[in-house]
Amino acid sequence: MSRPKNQNYKGHGFSKGKEREQRALIRFKTTLMNTLMDVLRHRPGWVEVKDEGEWDFYWCDVSWLRENFDHTYMDEHVRICHFRNHYELTRKNYMVKNLKRFRKQLERDAGKLEAAKCDFFPKTFEMPCEYHLFVEEFRKNPGITWIMKPVARSQGKGIFLFRRLKDIMDWRKGTACKKFQGFEAQPSRYSISSSGGHDPRNSDDQRDEIPVENYVAQRYIENPYLIGGRKFDLRVYVLVMSYIPLRAWLYRDGFARFSNTRFTLNSIDDQYVHLTNVAVQKTSPDYHPKKGCKWMLQRFRQYLASRHGPEAVEALFRDMDNIFIKSLQSVQKVIISDKHCFELYGYDILIDQDLKPWLLEVNASPSLTASSQEDYELKTRLLQDTLHVVDMEARLTGREKRVGGFDLMWNDGPVSREEGAADLSGMGNSVTNTHLGCVNDRKKQLRQLFRSLQAQKKASS
Ligand SMILES: Nc1ncnc2c1ncn2[C@@H]1O[C@H](COP(=O)(O)OP(=O)(O)O)[C@@H](O)[C@H]1O
Ligand SMILES: [Mg+2]
């Protein structure tokens, strides 16, 4: 990072020239009070700093980033948990814009077949600016269902489904007056904003400059894969350590989030049927806090294998790998790849009845609040392993292909499972180093990894 233009900056980290190993303590800061805080406080050698204290590691929220990143000086070893313009991937409209552009570029450079590998997001239009294009598409397919989603909100807030253009006319009137007074009332069938919870993305990125709330109109997936008659989507975690070169890790654990109510297309106004967000489902009258509404990915993978056989499941999970990589590549050239930044993304994936995975959105701040004991344990493992990969302690060699529950899936190119056997065919080859929904024997692996790292260190000293 270049030195700050602004002299009001606060220095973070030690003065230049000191080696990473010399730090006896790692000073961390965070604004979140959930699983993350537990993990940070229990990490050996890490100490919490508050207020204006200097820090080495900051799990900041995106609004801090927007206000401070450009005029904060950071030493070499300092790390923060977002990329400066993360919204290129994590805002629903920008994600689609980048994917569409990347698809075009692939078609030009590598042909139609390669470009078709990007066809994993439902047809989407940015509203209101692509309204006329949307209407054209709408008229081509009368009777299908569409979903309207605010580009920068989360937890199902502000979402509604529709089938008639009239519903959009009403919405447009809201945008025409540019103020959206009372707009919340219109899609309130799906609004849970009365919970009063702070949505970090409400204050996100360019919302200062764009007072009108933008939406995307997206084709609704009408044939979701159902289990026990209920809809679900998957939450998968991807850790990006650098964009140039692209270096991305996939976590083995994740979960399926179920809706409480049986799926039907007869009642498109019922949020409990159509939105699988935990924040929505936990307000349902028949929600059981103990039971929750989640399945771990291992259970989900086994369920599918018993129904469809291992090959179909392998193909589905390979298609998901393709989604992770292509979506990251689509923003590789636009994200500012600062060496101080990393990002733990939460992918929302919906599977349809043909076992095709669809990318719904990518979250920059996936929920780290636990909804059950099992969920708490998953998030604790995930965060501990994230910190292992971020490696503030400078223990890793940089050649690791696995760290705890994380498998390196892309390192400036596909990473193969077998040592030395490069996957030259690109994505779609079964040797790619991903193990989503497979056994996560992370404790054993970490023990072996750190033991061998220590032995190497001893031998070289
Ligand atoms: N195109 C779609 N087809 C079917 N269901 C969808 C679609 N888009 C969103 N959903 C449902 O709505 C939920 C919320 O949508 P999402 O895009 O993740 O927005 P949010 O930021 O509010 O979580 C998803 O988890 C999924 O259950
Ligand atoms: Mg979501």
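# Ligands, buried residues and loops

Biologist: At what distance is an oxygen atom of ligand 1 from a polar backbone atom of Gly156?

Modeller: The model is predicted, and in it Gly156 is among the residues that come nearest to ligand 1, together with Lys92, Lys149, Asp233 and Thr276. The contact with Gly156 is made through a polar atom of its backbone, and the distance from that atom to an oxygen atom of ligand 1 is 2.6 Å.

Biologist: How much of the accessible area that ligand 1 has on its own does the protein cover?

Modeller: Lys92 places a polar side-chain atom 2.7 Å from an oxygen atom of ligand 1, while Gln218 has a polar side-chain atom 3.0 Å from a nitrogen atom of the ligand. On its own ligand 1 has 540 Å² of accessible area, and the part of this that the protein covers is 99%.

Biologist: Which residues coordinate the magnesium ion, ligand 2?

Modeller: The coordinating atoms lie 2.0 to 2.1 Å from the ion, and they are an OD atom of one residue and an OE atom of another. The pair links distant parts of the chain, since one residue sits in strand 14 (residues 343-351) and the other in strand 15 (residues 357-363), 13 residues apart. Both residues are buried, and they are Asp348 and Glu361.

Biologist: Is Asp375 buried or exposed?

Modeller: Asp375 belongs to helix 12, which runs over residues 373-390, and, leaving out residues up to four places away in sequence, Asp375 touches Phe255, Lys294, Thr369 and Ala370. Because the relative accessible area of Asp375 is 0%, this residue counts as buried.

Biologist: Which residue offers the backbone nitrogen that the side chain of Asp375 reaches?

Modeller: The side chain of Asp375 has a polar contact of 3.0 Å with the side chain of Lys294. The side chain of Asp375 also reaches a backbone nitrogen, at 2.8 Å, and that nitrogen belongs to Ser371.

Biologist: What distance does helix 12 reach from its first C-alpha to its last?

Modeller: Helix 12 has 18 residues, and its end-to-end reach is close to the value expected at 1.5 Å a residue. Its buried residues include Leu378, Leu382, Asp385 and Val389, and just after the helix Asp391 takes a positive phi of about 60 degrees. The distance from the first C-alpha of helix 12 to its last is 26 Å.

Biologist: Is Asp412 buried or exposed?

Modeller: Asp391, although not a glycine, has a positive phi, and in the loop between helix 12 and strand 16 (402-403) Asp391 counts as buried because its relative accessibility is 8%. Asp412 likewise has a positive phi, near 60 degrees, and lies in the loop between strand 17 (406-411) and helix 13 (442-460). Because the relative accessibility of Asp412 is 56%, this residue counts as exposed.

Biologist: Which residue has the backbone oxygen that lies 3.0 Å from a polar atom of the side chain of His340?

Modeller: His340 is in the loop between helix 11 (310-331) and strand 14, and because its relative accessibility is 1% it counts as buried. A polar atom of the side chain of His340 lies 3.3 Å from the backbone oxygen of Met74. The backbone oxygen found at 3.0 Å from a polar side-chain atom of His340 is that of Asp75.

Biologist: How far apart in space are Phe121 and Ile323, C-alpha to C-alpha?

Modeller: Phe121 lies in the loop between helix 5 (112-116) and strand 7 (124-127), and with a relative accessible area of 13% it is buried. Beyond its neighbours within four places in sequence, Phe121 is in contact with Val96, Leu99, Lys100, Trp358 and Leu359. Phe121 and Ile323 are separated by 202 residues in sequence, yet the distance between their C-alpha atoms is 9.1 Å.

Biologist: Which residue does a cis peptide bond join to Met127?

Modeller: One cis peptide bond runs from Ile244 to Pro245, with omega near -5 degrees, and Pro245 lies in the loop between strand 11 (232-242) and strand 12 (247-258). For the bond at Met127 omega is about 10 degrees, and the partner, found in the loop between strand 7 and helix 6 (131-140), is Pro128.

Biologist: What share of the 461 residues of the protein counts as buried?

Modeller: The protein has 13 helices and 17 strands, and among its contacts with a separation of 6 or more, 70% are between residues 24 or more positions apart. The share of its 461 residues that counts as buried is 56%.

Notes:
Residues are numbered from 1 along each chain as its sequence is written. Chains are lettered from A and ligands numbered from 1 in the order in which they are written. This is a predicted model: local features need pLDDT of at least 70, side-chain atom pairs count only at pLDDT 80 or more; totals for chains, interfaces and linings use all residues. Side-chain values use heavy atoms; hydrogens and water are left out. Donors are N, O and S atoms within 2.8 Å of the metal (3.2 Å for Na, K and Ca); water is not among the atoms, so sites may look incomplete. Helices (H or I, at least four residues) and strands (E, at least two) are DSSP runs, numbered from the N terminus. Buried means under 20% relative accessible area, exposed over 50%, partly exposed in between (1.4 Å probe, protein chains only). A polar contact is a pair of N or O atoms within 3.5 Å; within protein, one must be able to donate a hydrogen and the other to accept it, and residues adjacent in sequence count only if both atoms are side-chain atoms. Contact means heavy atoms within 4.5 Å. A residue is near a molecule or strand if one of its heavy atoms lies within 4 Å of it. Accessible areas come from the Shrake-Rupley method with a 1.4 Å probe; for residues, only the protein chains shown count as cover. The expected span of a helix is 1.5 Å times one less than its number of residues.
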